[in-house]
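This report describes the fold of a single chain and the charged side-chain pairs within it. The account begins with a term on which the later reasoning depends.

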Amino acid sequence: MAVAVEEVAVRLPDPALDGADWADAYEAETARPFPTARAAAEAMVRAFPAWTMPLLLLRNLVVLPLGLKGADRVPGRDMVGIFPVVSETSSRFVGGFDDRHLDFRVIVELSRAGPERQRIKLTTVIRRHNLAGRAYLAVVMPFHRAIVRGALRRLVAPSA
């Protein structure tokens, strides 16, 4: 049975990132509820497709000469996968960082969808600073959509 991942509307501004000028969001329903949004975010990072890591390494090599940040682990910083933790509650996790070309936040939200079901919403919110930020977003967008939809689909798929 195919897992439904729906693109949903996003309203800006979002409290996770003042001045954001771009956002997208996807939702799916699961019968395997997560106790917290952070737990869902951690599981989602583990659900990223295998081809994501080599692509991320390539991205880091390409942007290094431009002075842009890579998705490296920061010693002593609370991280979920490659995302520094910005804020969290039991139902909303926010990760991300600020850079010269753009600032971004990844938001994982949980809500009830019935007695034993849960909705998981993954929102990406971006504030572009300049032409480089706009160009970067245009280049990564096809990969972003594939990664987000695929990870969310694997996250909520019934166990085999």
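A residue is called buried when its relative accessible area is under 20%, exposed when that area is over 50%, and partly exposed in between. Arg92, at 21% relative accessibility, therefore counts as partly exposed. The model under discussion is predicted.

**Overall architecture**

Three helices and seven strands make up the secondary structure of the chain. Their succession along the sequence follows the pattern β-β-α-α-β-β-β-β-β-α. Of the 160 residues, 44% count as buried. The accessible surface of the chain amounts to about 8800 Å², and carbon and sulfur atoms contribute 60% of this area. Among contacts in the chain with a separation of 6 or more, 61% link residues that are 24 or more positions apart.

**The sheet and its covering helix**

The seven strands form an open sheet in the order β1-β2-β7-β6-β5-β4-β3, and the pairing is antiparallel. Strands β1 (6–8) and β3 (79–80) occupy the edges; each has a single partner strand, so one side of each lacks a neighbour in the sheet. In general, the strands of a sheet pair through backbone hydrogen bonds.

At one edge, β1 runs antiparallel to β2 (residues 22–30), and three bridges join the two strands. Within this pair, Val8 stands opposite Ala25 in β2. Helix α3 (residues 131–156) lies across β1, β2, β6 (102–114) and β7 (117–128), and its direction makes an angle of about 5° with β2.

**Salt bridges**

The whole structure contains 14 salt bridges. Three of them are listed below with their N to O distances.

| Basic residue | Acidic residue | N to O distance |
|---|---|---|
| Arg92 | Asp14 | 2.8 Å |
| Arg134 | Asp21 | 3.8 Å |
| Arg105 | Asp98 | 2.9 Å |

The side chains of Asp14 and Arg92 meet in a salt bridge. Asp14 belongs to the loop between β1 and β2, whereas Arg92 belongs to strand β5 (residues 92–98), so this pair ties together parts that are 78 residues apart in sequence. Asp14 has a relative accessibility of 11% and therefore counts as buried.

A salt bridge also joins the side chains of Arg134 and Asp21. Because Arg134 lies in helix α3 and Asp21 in the loop between β1 and β2, the pair ties together parts that are 113 residues apart in sequence. Arg134 is partly exposed, with a relative accessible area of 42%, and Asp21 is likewise partly exposed, at 32% relative accessibility.

In the salt bridge of Arg105 with Asp98, the arginine counts as buried at 9% relative accessibility, while Asp98 counts as partly exposed at 33%. In addition, a network of salt bridges links Glu6, Glu27, Glu29, Arg117 and Arg119.

**The loop between β1 and β2**

Pro15 is also found in the loop between β1 and β2. Its relative accessible area of 73% makes Pro15 exposed. Pro15 and Val125 are 110 residues apart in sequence, yet their C-alpha atoms are 10.0 Å apart in space. The loop thus includes the buried Asp14 and the exposed Pro15.

Note on methods. Residues are numbered from 1 along each chain as its sequence is written. This is a predicted model: local features need pLDDT of at least 70, side-chain atom pairs count only at pLDDT 80 or more; totals for chains, interfaces and linings use all residues. Side-chain values use heavy atoms; hydrogens and water are left out. Two strands pair if DSSP finds at least two bridges between them. Helices (H or I, at least four residues) and strands (E, at least two) are DSSP runs, numbered from the N terminus. Contact means heavy atoms within 4.5 Å. Axes are lines fitted to C-alpha atoms, for helices over the stretch in contact, and angles run from 0 to 180 degrees between N-to-C directions. Buried means under 20% relative accessible area, exposed over 50%, partly exposed in between (1.4 Å probe, protein chains only). Accessible areas come from the Shrake-Rupley method with a 1.4 Å probe; for residues, only the protein chains shown count as cover. A salt bridge is a side-chain nitrogen of Lys or Arg within 4 Å of a carboxyl oxygen of Asp or Glu.
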